[in-house]
Amino acid sequence: MSPVRFDGCQGCGACLLTCPTHAIRPIGGTGPARLYARPDLCTGCGECVEVCPVDAVVLVGQEAR
């Protein structure tokens, strides 16, 4: 399971450029942008969460309650 959720991603790519370990990868295909974070590379640093302009990135286990 990915340590990060990308609900409502608009495909701007900010998180791809910001991730220090390059853990975020696109999922191929047409239609809305889809991303996933490789669990073997993701450190949970939260840089992707901070940079997302539409607040679409959430660290799993740290969702607002």
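User: Let's start with Asp40: is this residue buried or exposed, and how do I read that?

Analyst: The general idea is to look at relative accessible area: buried means under 20%, exposed means over 50%, and partly exposed is in between (1.4 Å probe, protein chains only). Asp40 has a relative accessible area of 54%, so Asp40 is exposed. Before we go on, this is a predicted model, where local features need pLDDT of at least 70 and side-chain atom pairs count only at pLDDT 80 or more, while totals for chains, interfaces and linings use all residues. Residues are numbered from 1 along each chain as its sequence is written, and side-chain values use heavy atoms, with hydrogens and water left out.

User: Okay, and which residue does Asp40 meet in a salt bridge?

Analyst: For a salt bridge, you want a side-chain nitrogen of Lys or Arg within 4 Å of a carboxyl oxygen of Asp or Glu. Here the partner of Asp40 is Arg38, with 2.5 Å from N to O. Arg38 comes out at 25% relative accessibility, so Arg38 counts as partly exposed.

User: How many salt bridges turn up in the whole structure?

Analyst: Searching the whole structure gives two. Besides the Asp40 and Arg38 pair, Arg5 bridges to Asp7, and their closest N and O atoms are 2.8 Å apart. Both of those residues are partly exposed: Arg5 sits at 31% relative accessibility and Asp7 at 45%.

User: What about the cysteines: how many disulfides are there?

Analyst: The rule is a pair of cysteine sulfur atoms within 2.5 Å, and by that rule the count is zero.

User: Why is Cys19 not bonded to Cys45?

Analyst: Because the sulfur of Cys19 is 6.2 Å from that of Cys45, its closest cysteine sulfur, which is too far for a bond. Look at it from the other end and the story holds: Cys45 is in no disulfide, and its nearest cysteine sulfur is that of Cys19. As for accessibility, Cys19 is buried at 10%, whereas Cys45 is partly exposed at 45%.

User: Where does Cys19 sit in the fold?

Analyst: Elements here are DSSP runs numbered from the N terminus: helices are H or I with at least four residues, and strands are E with at least two. Cys19 falls in the loop between α1 (14-18) and β2 (24-26). Cys19 also has Thr43 at 9.6 Å, C-alpha to C-alpha, with the two positions 24 residues apart in sequence numbering.

User: Next, backbone angles. Which residue in the loop between α1 and β2 should I check?

Analyst: The background is that most residues other than glycine have a negative phi. His22, in that loop, has a positive phi of about 55° although it is not a glycine. His22 is exposed, with a relative accessible area of 52%. Asp55 is another case: its phi is positive, near 50°. You'll find Asp55 in the loop between α2 (47-51) and β4 (57-59), and at 64% relative accessibility Asp55 counts as exposed.

User: And what is Phe6 in contact with, leaving aside its neighbours within four places in sequence?

Analyst: Contact means heavy atoms within 4.5 Å. For Phe6, the list is Cys15, Ile24, Leu35, Tyr36, Ala37, Ala56 and Val57, once neighbours within four places in sequence are set aside. Phe6 belongs to strand β1 (residues 4-6) and counts as buried at 12% relative accessibility. Take Leu35 from that list: Phe6 and Leu35 are 29 residues apart along the chain, yet their C-alpha atoms are separated by 6.6 Å.
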